[in-house]
Every structure is written in structure tokens, then in C-alpha cells.
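Below is a short set of questions and answers on how a ligand is held by its protein.

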Amino acid sequence: MGTAVTIPTIQPGKLWIAGKSVPSATGKDIDVINPATGATFARVERGEAADVDRAVQAARRAFESGPWPKMSASERSKILWRIGELVDKHRDELALLESLNAGKTLKGAQRGDMKPAADIFYYYAGWARHTHGEVIPVDGPFLNYTLREPVGVVGMVTAWNYPMLLAAWKVAPALATGCTCVLKPSELTPLTTLRLAELSAEAGVPEGVINVVTGYGPEAGEALARHMDVDKIAFTGSIRTARALLKASGESNLKRLSLELGGKSPNIIFPDADLDAALPAAFWAIYANKGEVCSAGSRLLLHKDIHDQFLERLVAKSKKMVVGNPLDPKTEMGPQISQTQLDRILGYIHSGVEEGARLECGGERDTEGEKAKGFFCKPTVFAGVKPGMKIAQEEIFGPVLAAVKFSDEAEAVAIANSTVYGLVSAVWTRYLGRAHRLAREIKAGVVWVNTYNGFDSAAPFGGVKQSGFGREMGAHALESYTQVKSVWIAI
Ligand code: NAD
């Protein structure tokens, strides 16, 4: 895979606790793999319960007696802004790390990961000064007002598909409100989270406010979820892990949770839509970040009148997609994150064929040339998918699209709402009434009309049903990092 990009030498990653890079208690480590080549290109510490405990103690000290929660809001705001600037300054280096580690295209990592990661710090720098209570008119000779206080120590457990961005979505509002945190990134993609902690220290975040323990979910993650001194867990990942976190919270200190889970999102195209706009949007809705996106438009609902022609164009475009080395500027889609994930995707493809869906393109591992070493999958489209099939119900988290035909609006809504998920959705129509009707009727945390994957630091993001609860970004995220105290003064 020839490329002009210089691959950096990665130093072994230590844990980040109380503002310092420190080894884990056991000294065990984890290999970090480049999914484009299958080769180990870095190592990080395999943190366990004792390390998590050290990190939580550091975060607790920083919360109870450190300067951060008591610092003036304007000072905190400036530090958040500086983190944004440092992420911007190091954008190329961070994007390269993310591309090597997560198999993202380099240009995608620059625009889709690092740019919004910097922006979320700029955005919450503003909120640091706007988070406040209210005065409430109560009966009697009293003044009642509320204080909006930080929840305390927040454990942050994140997935591997947007490592830096998912961390930034949590760290920025937590810091804005005066919380301290312990991050547990995915064992597959720990590198940029460690860099974020270093850059935060450089920006002026005091020691102990941000701590990072790399390690496996059932070891470090579970220890964080069960720790009695953690006040909240902010999680992005699978339903299965979310259940483990809920159980751990119930069996420990009833810590609060916010859960950003998966999706099986419907992208609904009506015959009155601008099909030339809908086509590339439907294409990137499934293939962006090789389908490893919680908001992937993995169910394409096509009205019967446009079904055949739309599908034909989409399949033709899918067959031409450039799959390969993520560092090559011409590449449109990189490898899946791991052999395990690739096997999982191939298993779903097999099930689609078994259940009678029609494989229009792809459907297998891509082993052409150098790609044989990595975890590449061909862009895959299934047609003739029935709403009850496994490939229409379960999140595949790969470049596999399930196209479902529908006849009218009511049927489209019924199909859209027929899974356990409710993360995002999209509707393509020129009829204003239809757009607004569906925006109400679809059970999802986000509805896009005549667009797909619209994100902004100011707009809330999150799911309903088994896609989770709590919101990231926007003013709404502040609610999950703060709690309200009611103060009564007799006057
Ligand atoms: P995962 O649940 O396997 O892992 C997520 C994190 O949880 C990792 O850091 C992992 O180490 C940790 N973990 C695993 N078991 C644990 C346990 N018992 N206790 C504590 N922590 C544990 O998910 P994944 O495979 O990394 O990510 C894919 C999933 O994430 C998909 O379902 C995807 O839809 C979802 N996701 C959601 C969003 C969103 O914003 N809604 C964004 C990205 C990914």
C-alpha cells in the first residue's frame, strides 16, 4: 500500500492519572492493531480494577478539593476554548492516529472526527458561563432559587468507531459544568483519548480532572461501572454492555447513566423526493466510516414506484466504490475495525442469503492485493428484504444495506418503527405535510428531512427505545452532567 504519508512511531501508551503518564499496576499491555494491515502498531497498558481505583481517587480529589469545580466560569471557559484550539492545531496528527487505528479514511478522520471534536470544546466553552439556576415564585415569605451543580466524578466508557469524537462529546460538557472524569476508551482504539488528556493538560486543565485508564471492558470498564465513588457513567456502545452497566449501577451506588447505543435507522424515500439528492445521501448514509456508524442508514425504505430505478443506480454506484488503504486520498472506504467485526458482518450477510433476501452486490470479504492482510468488506446491498428478517432487525455495523419496498406512507411508518431501536431516521419528500407528519410519527431521537447525517455541536443527539437515553451535544447534554438543588430562604 504505497502512500506519501509518514507513519509516526508510537510510544507505548501509559495510563493518564492525576496529570501524569503512569504504568498500570500489573504492567500487562494490549496490542493496538492497524485494521488495514492486521499488524500491531502500538501498545497500551491493560488497566484493571486497581488502576481504575487510582484514577477515580484522583478524579474525586480534583472534584472535592481541586481548583476545577470552584474555578470561575470564565476561567473554565477559556481552558475549554484552548483545548479546542489544541485539537485543531494537532488535527493532522490526531486524524492520522485515528485513521491508522480505526481504519477511517484520513480525509474522513480530519473532517468527520477532528473538526467536530475541536468544535464541541468551542461550543461548551460558551456554556461554561451560561449554566445557571433560576428563581422560582413560591407561596409564602420565601425566596426559592435553584443551583445547577456538577454531578461529580463521571466515568466515560466509549466505543471504537469515533474514539476521539465520542470522548469529546462527553468531556466537553462535563468540564463545562465542573465535573471531573475517568475515561475508559475501547481497547481497540485507545490512542487519541490518551492524546486528548495530554492536550487538555497543555490547555491548563488541572491534574486529576481528566484521567484515562486503557483496558478491556469486563476488567477496567466493569470496575468503573461498579466503583462506589463514581457518580455517573456516560456510555457509548452496544445494548449488551448497556445492560451490564445498568446492572452494575443497580448493584453498587445507583450511579446515574446516559446511554448512546445502536441503531437500525430507516432512510425513507418517497416518489416525490429529489432522487438525485437522495441517491448520494443514501449511499453515504450506509457507507460512511464503512458502515460502522450508530446512525448508519442501514434500512433503505423505497416506495414501489421508484424502487427499481433507485436501487439500480445505488447498486451501480456501490460496485464502483473505491475500497482500500485509508491513507490514500482516493480511497472512499477503509477496512472494518477487526477480524471479529468482519466475521460478524459476514455472518449477517450469510443470514440475509439464508432468509431469502436478494444479494445485489458485494457480500464477501475484499481480498484483492494488499487488502488480503486487512479486514476489508465489499460494499453490500440486499434487495427484497422483508421487515422481519434478521438483516432488517439487527444492527450489522458494517457496509451492508437492506432495501425494503413499501406501498404507502402508513406502511413506511410501520416498517420504520418495527425494530427495538430508535436512534435516527430520514425522510425524503417534497410534500411539507408528509415531512412534518413523519417527523412526529417516527419513533427516533433524530429525524432528518431531505438530508442525512446532519450534526452540529448545538443540536441534541441521542435515541429512544433501546437506542438509549440522555442526549449528547447542545444544551440538553448539560442536564446529564448537572443536578438541581433547591434553596429556600425565609424573607
Ligand atoms: P461495546 O459495548 O462492545 O463496547 C463499548 C465500550 O464498553 C468499550 O470501551 C468496551 O471496552 C466497554 N465494555 C465492554 N464490556 C463492558 C462491561 N461489561 N462493563 C463496562 N464496560 C464494558 O460496543 P462497541 O463494539 O465498542 O461499539 C459498537 C456499538 O456502539 C454499536 O452498537 C454502536 O451502534 C454503538 N455506538 C453508538 C453511538 C451513539 O452515539 N448512539 C455512537 C457510536 C457507537
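Q: How do the residues of the shell around the ligand divide into nonpolar, polar and charged?
A: This is a predicted model, in which local features need pLDDT of at least 70, side-chain atom pairs need 80 or more, and totals for chains, interfaces and linings use all residues. Numbering runs from 1 along each chain as its sequence is written, and side-chain values use heavy atoms, without hydrogens and water. Ala, Val, Leu, Ile, Met, Phe, Trp, Tyr, Cys and Pro count as nonpolar, Asp, Glu, Lys and Arg as charged, and the others, Gly among them, as polar. The shell holds 13 nonpolar, 10 polar and five charged residues.

Q: Which backbone has a polar atom 2.7 Å from a nitrogen atom of the ligand?
A: A polar contact is a pair of N or O atoms within 3.5 Å. A ligand oxygen is 3.3 Å from a polar backbone atom of Gly-217, and a ligand nitrogen is 3.2 Å from a side-chain N or O atom of Glu-222. The 2.7 Å pair joins a ligand nitrogen to the backbone of Leu-261.

Q: Which domains each give the shell at least three residues?
A: Domain bounds come from an automatic or database assignment. The two are domain 1 (15-261 + 467-488) and domain 2 (266-456).

Conventions:
A polar contact is a pair of N or O atoms within 3.5 Å; within protein, one must be able to donate a hydrogen and the other to accept it, and residues adjacent in sequence count only if both atoms are side-chain atoms.
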